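Q: Please take a close look at one part of this model, the loop with which your answer begins, and follow the charged contacts that lead away from it. I would like the details set against the chain as a whole.

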Amino acid sequence: QVELVESGGGSVQAGGSLRLSCAVSGFMDNWDCMAWFRQAPGKEREGVAWLRAGGDSSDYADSVKGRSAISRDNAKNTLYLEMNTLKPEDTAMYYCATSRGKIFPRCSRSIGYLNFRYWGQGTQVTVSS
């Protein structure tokens, strides 16, 4: 069993920045595909960023590319998502997830949320205009 705990969400004005954290219980296997997803009320869950824990593969949704960075600290078993130039449309509950137990050739947007076995409880991001 893997437990994920997100933190770092909050309310910011448009143009601001936030860094989300996801603490992973135990350890992060280098083959784990880690990801951040978000879901706004009335909308489907969408992938935001993906990163293999070993660091050899990453990807971003077009909506955040160029203003977000996914990273990890394997020594701290923590995944991060730094988001800059935030927009009101970034408002959503943000979840981190791991594919622990499933290995993919590449950790990218091609890995849909159904392939992620373990999820955190989410952290709310609200961006006001």
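**A loop and its charged contacts**

A: Gly-26 sits in the loop that runs between strand 3 (18–24) and strand 4 (33–39). The model is a predicted one, and what follows should be read with that in mind. Gly-26 has a relative accessible area of 61%, and because a residue counts as exposed over 50%, Gly-26 is exposed. As for its place in the fold, the C-alpha atom of Gly-26 is separated by 26 Å from that of Met-83, a residue 57 positions away along the chain.

The chain around this loop has eleven strands and zero helices. The C-alpha atoms fill a box of roughly 40 × 25 × 25 Å along the principal axes, and the radius of gyration is 13 Å, which agrees with the value near 14 Å that a compact globule of 129 residues would have. Of the 129 residues, 47% are buried, and where contacts join residues at least 6 apart in sequence, 60% of them join residues at least 24 apart.

The loop between strand 3 and strand 4 also leads to the charged side chains. Side chains of opposite charge can pair when their charged atoms come close. The protein carries 15 positive and 13 negative side chains, with the centres of the two sets 2 Å apart, and the count of salt bridges comes to eight.

One of these salt bridges joins the side chains of Asp-32 and Arg-100, with a nitrogen-to-oxygen distance of 2.8 Å. Asp-32 belongs to the loop between strand 3 and strand 4, whereas Arg-100 lies in the loop between strand 9 (92–98) and strand 10 (118–119), so the pair ties together parts of the chain that are 68 residues apart in sequence. Both Asp-32 and Arg-100 are buried.

A second example is the salt bridge between Arg-109 and Asp-59, where N and O are 3.0 Å apart. Here, too, distant parts of the chain are linked, since Arg-109 is in the loop between strand 9 and strand 10 while Asp-59 is in strand 6 (residues 58–60), 50 residues away. The two partners are covered to unlike extents: Arg-109 is partly exposed, at a relative accessible area of 38%, whereas Asp-59, at 10%, is buried.

Arg-109 forms a salt bridge with Asp-62 as well, the closest N and O atoms being 3.3 Å apart. This pair again links distant parts of the chain, with Arg-109 in the loop between strand 9 and strand 10 and Asp-62, 47 residues away, in the loop between strand 6 and strand 7 (68–73). Asp-62, at 59% relative accessibility, counts as exposed. Elsewhere among the salt bridges, shared partners join Arg-38, Glu-46, Arg-67 and Asp-90 into one network.

Returning to the loop between strand 3 and strand 4, one can set two of its residues side by side: Gly-26 is exposed, while Asp-32 is buried and forms a salt bridge with Arg-100.

Key
Residues are numbered from 1 along each chain as its sequence is written. This is a predicted model: local features need pLDDT of at least 70, side-chain atom pairs count only at pLDDT 80 or more; totals for chains, interfaces and linings use all residues. Side-chain values use heavy atoms; hydrogens and water are left out. Helices (H or I, at least four residues) and strands (E, at least two) are DSSP runs, numbered from the N terminus. The radius of gyration is taken over C-alpha atoms; the globule rule is 2.2 Å times the number of residues to the power 0.38. Buried means under 20% relative accessible area, exposed over 50%, partly exposed in between (1.4 Å probe, protein chains only). Contact means heavy atoms within 4.5 Å. Lys and Arg count as positive and Asp and Glu as negative; His and the chain ends are not counted. The place of a charge is taken as NZ of Lys, CZ of Arg, CG of Asp or CD of Glu. A salt bridge is a side-chain nitrogen of Lys or Arg within 4 Å of a carboxyl oxygen of Asp or Glu.
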